[in-house]
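I opened this model to look at one sheet and the helices that pack on it. My notes follow in the order I looked things up.

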Amino acid sequence: MKKAFYTLSLAFTFLAAGTFAQAQEEKSVLSGKASEHWFIGIGGGVNSIFDNGNFAPVQPAAQFNFGKWVSPAIGLRAGYNGIFAQAVAQPETWWSGDQRFNYNLVHFDALWNLRNTVTYKEKRVWNPVLYLRTGAILATAPGNGHRWAFGMGGGFANMFRVGEHVSISLDLSAVIASERLFRNNNSGRFVTYPTASLGLVFDLGHRRFRRPAAPVPVPDPNIIDKLQVQLEESDARLALAQSRIGKLQKENAKLDKLQDGKTYSYKSGEFKEAQIPAPVTVSAQAEILYFGQGKTTLDERELARLEFYAQNTFKKSQKLLISGCADMGTGSREINQRLSRQRAEYVKEILVKQFGYNPALITTQSDVIPSTSPIKGRIVTIEVQ
């Protein structure tokens with residue numbers, strides 16, 4: 001039994017060391033600097049002994065520890081726990097029966113923050129922490145010298161954050177060690193040492209974990225060569241475009257020399273002024289302009305026709321009659337009469353203001369006419385009187 005106990009204790013030591021090495025190597029999602037996330041803890045409580053089915057009277061205990069969180073969920077600490085302990089009363093086997101003796105435990109703990117395993121929150125109030133413990137117990141009693149034993153166990157700490165760097169810790173733990181710590185006739189049995197304490201934990205310096213910077217990717221040489229080829233092709237296309245721009249600028253320079261109102265012919269890359277014969281005069285007759293339904297203005301096509309009539313068909317010295325019409329089959333007679341009058345005045349105004357016709361030589365009239373097709377009734381006619 002004793003051999004198995006020491007073998008298990010040694011395995012636990014290697015496990016704790018492996019946990020530390022793994023946390024240092026992986027750093028998982030969040031990490032911090034080596035100088036950060038250190039803490040100290042102080043507190044007080046009570047010790048007892050559980051032996052052969054019985055608990056000894058509790059004795060005062062003090063604790064002190066010093067540690068570091070190597071990741072949001074994994075931490076390590078070393079510390080001291082103890083002052084006094086009192087054995088279960090067995091006069092025939094204990095040093096001094098149920099006499100109180102000095103109890104000192106120097107321990108090493110591997111910590112596991114349960115809540116930070118899933119999600120890390122720097123300002124979380126409650127953090128439950130499980131831990132495994134290994135250490136050495138030194139016991140001394142008046143007149144009986146001292147003895148020591150190697151022990152292992154674990155515990156559970158509830159840590160409540162009350163300030164930026166301060167937490168309250170309620171700690172329950174137990175260590176198992178050989179009975180040889182204080183029993184003269186060692187039978188190979190084990191004794192349990194439970195402890196309950198309340199204390200404060202102080203964070204030293206920065207306590208926030210950060211995501212490690214992403215490594216700078218090393219570009220693939222093949223990709224670099226491909227990008228270089230694409231860059232050279234782009235430079236060639238740019239040079240070709242610049243050449244074309246130069247040619248277009250030369251052509252535009254020729255166009256800049258042309259004058260408005262003149263007609264040119266283009267031959268062999270050169271513009272030459274062309275002589276346009278005088279337009280043929282159209283014989284005087286009634287000309288028709290078409291309006292949209294309910295409209296009193298002309299669209300662009302009809303305006304172009306009016307411009308042609310004003311410049312080529314009629315003369316400013318002639319007397320003109322402008323008749324505005326509306327379709328009898330659409331709308332009321334009053335509305336159609338108003339549309340007819342507005343259409344006639346609209347055409348007259350364009351001839352006077354835009355083309356310089358004498359308003360005294362222009363007569364307007366309005367009418368509503370029936371028609372087999374509504375569009376044929378929405379017109380204005382211009383004729384020489």
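**Sheet and helices**

I began with a bridge: Ile288 has Thr381 in S17 as its bridge partner. The model is predicted, and I read it as such.

I then followed the same pair of strands. Strand S14 (residues 287-290) and strand S17 (residues 379-384) run antiparallel and are joined by 4 bridges. Tyr290 stands opposite Ile379 in S17.

I checked which way the side chains of S14 point. They alternate: Glu287 and Leu289 are buried on one face, while Ile288 and Tyr290 point to the other face and are not buried.

Next I traced the sheet. It is open, with 4 strands in the order S14-S17-S15-S16 and mixed pairing. S14 and strand S16 (362-369) are at the edges with a single partner strand each, so each has one side without a neighbour in the sheet. From one strand to the next, the twist averages 20 degrees.

I looked for helices on the sheet. H4 packs on it and touches S14 and S17, its direction making about 160 degrees with that of S14. H5 also packs on the sheet, touching S14, strand S15 (320-327), S16 and S17, and its direction makes about 150 degrees with that of S16.

Last, I took the two helices together. Helix H4 (residues 300-313) packs against helix H5 (residues 333-353) at about 55 degrees, with the axes 11 Å apart. That angle makes H4 oblique to H5. Their crossing is right-handed. On the H4 side I listed Leu303, Leu306 and Ala310, which meet Tyr346, Val347, Ile350 and Leu351 of H5. By class, this contact has 7 nonpolar residues, no polar and no charged ones.

Conventions: Residues are numbered from 1 along each chain as its sequence is written. This is a predicted model: local features need pLDDT of at least 70, side-chain atom pairs count only at pLDDT 80 or more; totals for chains, interfaces and linings use all residues. Side-chain values use heavy atoms; hydrogens and water are left out. Axes are lines fitted to C-alpha atoms, for helices over the stretch in contact, and angles run from 0 to 180 degrees between N-to-C directions. Angles under 35 degrees count as roughly parallel, over 145 as roughly antiparallel, 65 to 115 as roughly perpendicular and the rest as oblique. A crossing is left-handed if the near helix is turned anticlockwise from the far one by less than a right angle, and right-handed if clockwise. Contact means heavy atoms within 4.5 Å. Ala, Val, Leu, Ile, Met, Phe, Trp, Tyr, Cys and Pro count as nonpolar, Asp, Glu, Lys and Arg as charged, and the others, Gly among them, as polar. Buried means under 20% relative accessible area, exposed over 50%, partly exposed in between (1.4 Å probe, protein chains only). Two strands pair if DSSP finds at least two bridges between them.
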